[in-house]
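Biologist: I'm new to this structure and would like a close look at a single part of it, the sheet. Could you walk me through how its strands sit together and what surrounds them?

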Amino acid sequence: MNTRCVWQQALNQLVERRADVLHVDLSRVRFVDVAGVTDPAVPARRLPEGQRTVLHRPPPQLPRTLAPLWPGMAAIEVAA
């Protein structure tokens with residue numbers, strides 16, 4: 001909870017960039033709750049067609065929770 005506001009701001013700033021692929025390194029993140037999983041999906045819905053966010057090395061619960069909550073969201077890719 002202490003870092004959620006910073007996390008949301010960073011994600012919102014990221015999607016404002018006009019790169020085809022936006023990379024987020026989550027290798028140092030140890031835990032993400034359901035709200036934290038939802039946070040990258042909300043701004044990713046605003047991405048133009050063909051643009052996507054790649055979440056690198058997320059904690060294990062993130063992809064397990066992301067898939068059922070946001071099925072078929074092409075704007076987010078999880079990379080191990």
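Modeller: Here is a walk along the sheet, strand by strand, with its surroundings added as we go. Keep in mind that this is a predicted model.

Let's start with the layout. The sheet is open and has 3 strands in the order S1-S2-S3, with parallel pairing. S1 covers residues 21–25 and S3 covers 76–79, and these two stand at the edges; each has a single partner strand, so one side of each is left without a neighbour in the sheet. Neighbouring strands are turned by 20° against each other on average, if you ignore direction.

Now take S1 and its partner. S2 spans residues 52–56, and 5 bridges join S1 to S2, with the two running parallel. You can follow the pairing residue by residue: valine 21 stands opposite arginine 52, leucine 22 has threonine 53 as its bridge partner, and histidine 23 stands opposite valine 54.

Which way do the side chains of S1 point? They alternate: Leu22 and Val24 point to one face and are buried, while Val21, His23 and Asp25 point to the other face and are not buried. That fits a general habit: in a regular strand, side chains alternate between the two faces of the sheet.

How does the chain get from S1 to S2? It passes through helix H2, and this β-α-β crossover is right-handed. On the other side of S2, we meet S3. S2 and S3 pair in the parallel sense over 4 bridges, and in one of the facing pairs valine 54 stands opposite glutamate 77. S2, H3 and S3 also make a β-α-β unit, and this one is right-handed.

Let's stop at one residue in S2, threonine 53. Is threonine 53 buried or exposed? Its relative accessible area is 4%, and buried means under 20%, so threonine 53 counts as buried. Leaving out residues up to four places away in sequence, threonine 53 touches Leu14, Leu22, Val24, Leu47, Ala75, Ile76 and Glu77. Two of those names, Leu22 and Val24, are the buried side chains of S1 we just met.

Leu47 is worth a stop too. With the same sequence neighbours left out, leucine 47 touches Val15, Leu22, Arg52, Thr53 and Ala75. Leu47 also turns up in the largest nonpolar core, which has 16 residues; Leu47 is listed there among those with the most contacts inside the core, along with Ala44, Leu55, Leu62, Leu66, Met73 and Ile76. Helix H1 (4–15), S1, helix H2 (34–44) and helix H3 (61–69) each supply at least two residues of this core. The largest share, 3 residues, comes from H2. As a general rule, nonpolar side chains in soluble globular proteins tend to be buried together.

Finally, the charged pairs. A search of the whole structure finds 3 salt bridges. In general, side chains of opposite charge can pair when their charged atoms come close.

One of these pairs sits within the sheet: arginine 52 forms a salt bridge with glutamate 77, and their closest N and O atoms are 2.7 Å apart. Arginine 52 is in S2 and glutamate 77 is in S3, so the pair ties together parts that are 25 residues apart in sequence. How open are the two? Arginine 52 is partly exposed, with a relative accessible area of 29%, and glutamate 77 is partly exposed as well, at 33%.

Another pair reaches from the sheet to a loop. The side chains of aspartate 25 and arginine 57 meet in a salt bridge at 3.5 Å, N to O. Aspartate 25 belongs to S1, while arginine 57 lies in the loop between S2 and H3, 32 residues apart. Arginine 57 is partly exposed, with a relative accessible area of 45%.

There is also a pair between two helices: the side chains of arginine 4 and aspartate 39 meet in a salt bridge at 2.8 Å, N to O. Arginine 4 is in H1 and aspartate 39 is in H2, 35 residues apart. Arginine 4 counts as partly exposed at 28% relative accessibility, whereas aspartate 39, at 7%, counts as buried.

Methods: Residues are numbered from 1 along each chain as its sequence is written. This is a predicted model: local features need pLDDT of at least 70, side-chain atom pairs count only at pLDDT 80 or more; totals for chains, interfaces and linings use all residues. Side-chain values use heavy atoms; hydrogens and water are left out. Two strands pair if DSSP finds at least two bridges between them. Axes are lines fitted to C-alpha atoms, for helices over the stretch in contact, and angles run from 0 to 180 degrees between N-to-C directions. A nonpolar core is a set of buried Ala, Val, Leu, Ile, Met, Phe, Trp, Tyr and Cys residues joined through side-chain atoms within 4.5 Å. Buried means under 20% relative accessible area, exposed over 50%, partly exposed in between (1.4 Å probe, protein chains only). Contact means heavy atoms within 4.5 Å. A crossover is right-handed if, with the strands pointing away from the viewer, the path from the first strand over the helix to the second runs clockwise. A salt bridge is a side-chain nitrogen of Lys or Arg within 4 Å of a carboxyl oxygen of Asp or Glu.
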